[in-house]
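Trainee: Could we go through this fold together, strand by strand and then charge by charge?
Mentor: Sure, let's put it up and take turns.

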Amino acid sequence: MKDVRLTVKKRAFPSQGRVRLNIAHLPDLGIHEGDHVDLVNETSKKTVTASVIADTMVRVGHVRVSEEDLKTIGLNDDDDVLVRKASPLQIKIKK
């Protein structure tokens with residue numbers, strides 16, 4: 001498992017809380033479709049957690065994100081974002 005840096009592409013349809021990734025990235029992240037990932041703006045350190053939809057139509061190296069989620073973490077189309085497997089909620093609460 002490792003973090004993956006991908007290029008953000010705004011989703012055509014609203015879908016807050018969900019991202020689309022090419023299936024090729026799932027093994028690198030140690031996740032399966034339906035698992036959660038954290039999208040991290042490395043500059044501001046803002047993070048949003050979203051569930052993953054595996055999609056072979058998304059280009060390798062890209063992640064499709066809703067406009068609402070992009071605003072939350074302060075990123076724009078074509079910016080880079082760090083994607084990592086989300087920690088379980090119990091661990092996040094303890095922190």
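What follows is a chat about the sheet, its pairings and a few side chains.

Mentor: Before you start, this is a predicted model, where local features need pLDDT of at least 70, side-chain atom pairs count only at pLDDT 80 or more, and totals for chains, interfaces and linings use all residues. Numbering runs from 1 along each chain as its sequence is written, and side-chain values use heavy atoms, with hydrogens and water left out.

Trainee: Okay, in what order do the six strands close into a barrel?
Mentor: Strands here are DSSP E runs of at least two residues, helices are H or I runs of at least four, and both are numbered from the N terminus. Two strands pair if DSSP finds at least two bridges between them. The pairing in this barrel is mixed, and the order is β1-β5-β2-β4-β3-β6.

Trainee: By what angle are neighbouring strands of this sheet turned against each other on average?
Mentor: Axes are lines fitted to C-alpha atoms, for helices over the stretch in contact, and angles run from 0 to 180 degrees between N-to-C directions. For this average the direction is ignored, and the value is 45°.

Trainee: Do β2 and β4 run parallel or antiparallel, and which residue in β4 is the bridge partner of arginine 20?
Mentor: Strand β2 covers residues 18–21, and four bridges join it to β4 in the parallel sense. Within that pairing, arginine 20 has as its bridge partner isoleucine 53.

Trainee: And on the β3 side of β4, which residue stands opposite valine 40?
Mentor: β3 (residues 36–40) runs antiparallel to β4, with five bridges joining them. Opposite valine 40 in β4 you'll find threonine 47.

Trainee: Which residue takes a positive phi in the hairpin of β3 and β4?
Mentor: That hairpin has six residues between the strands. The positive phi is near 70°, and the residue is lysine 45.

Trainee: What about the other pairing of β3: which residue in β6 is opposite aspartate 38?
Mentor: β3 and β6 pair over four bridges, in the antiparallel sense. Aspartate 38 there stands opposite arginine 84.

Trainee: On to charges: how many salt bridges does a search of the whole structure find?
Mentor: The rule is a side-chain nitrogen of Lys or Arg within 4 Å of a carboxyl oxygen of Asp or Glu. Searching the whole structure that way gives five.

Trainee: How many residues apart are glutamate 42 and arginine 5?
Mentor: Their side chains meet in a salt bridge at 2.7 Å, N to O. Glutamate 42 is in the loop between β3 and β4, while arginine 5 is in strand β1 (residues 4–10), so the pair links distant parts of the chain, and the separation is 37 residues.

Trainee: Is lysine 9 buried or exposed?
Mentor: Lysine 9 meets aspartate 78 in a salt bridge (2.4 Å, N to O). Aspartate 78 lies in the loop between α2 (67–73) and β6 (80–85) and lysine 9 in strand β1, so this pair ties together parts 69 residues apart in sequence. Buried means under 20% relative accessible area, exposed over 50%, and partly exposed in between (1.4 Å probe, protein chains only). At 47%, aspartate 78 is partly exposed, whereas lysine 9, at 19%, is buried.

Trainee: Which residue forms a salt bridge with aspartate 55?
Mentor: Aspartate 55 sits in the loop between β4 (47–54) and β5 (62–65), and with a relative accessible area of 15% it is buried. Its partner is partly exposed at 25%. The closest N and O atoms are 3.2 Å apart, and the partner is arginine 20.

Trainee: Which residues does threonine 56 contact, leaving aside neighbours within four places in sequence?
Mentor: Threonine 56 is also in the loop between β4 and β5, and it's exposed, with a relative accessible area of 61%. Its C-alpha is 7.8 Å from that of leucine 21, 35 residues away along the chain. Counting heavy atoms within 4.5 Å as contact, the residues are Asn22 and Ile23.

Trainee: Last one: what is the relative accessible area of histidine 62?
Mentor: Histidine 62 lies in strand β5. Not counting residues up to four places away, it touches Leu6, Thr7, Lys9, Arg20, Leu21 and His25. It counts as buried, with a relative accessible area of 13%.
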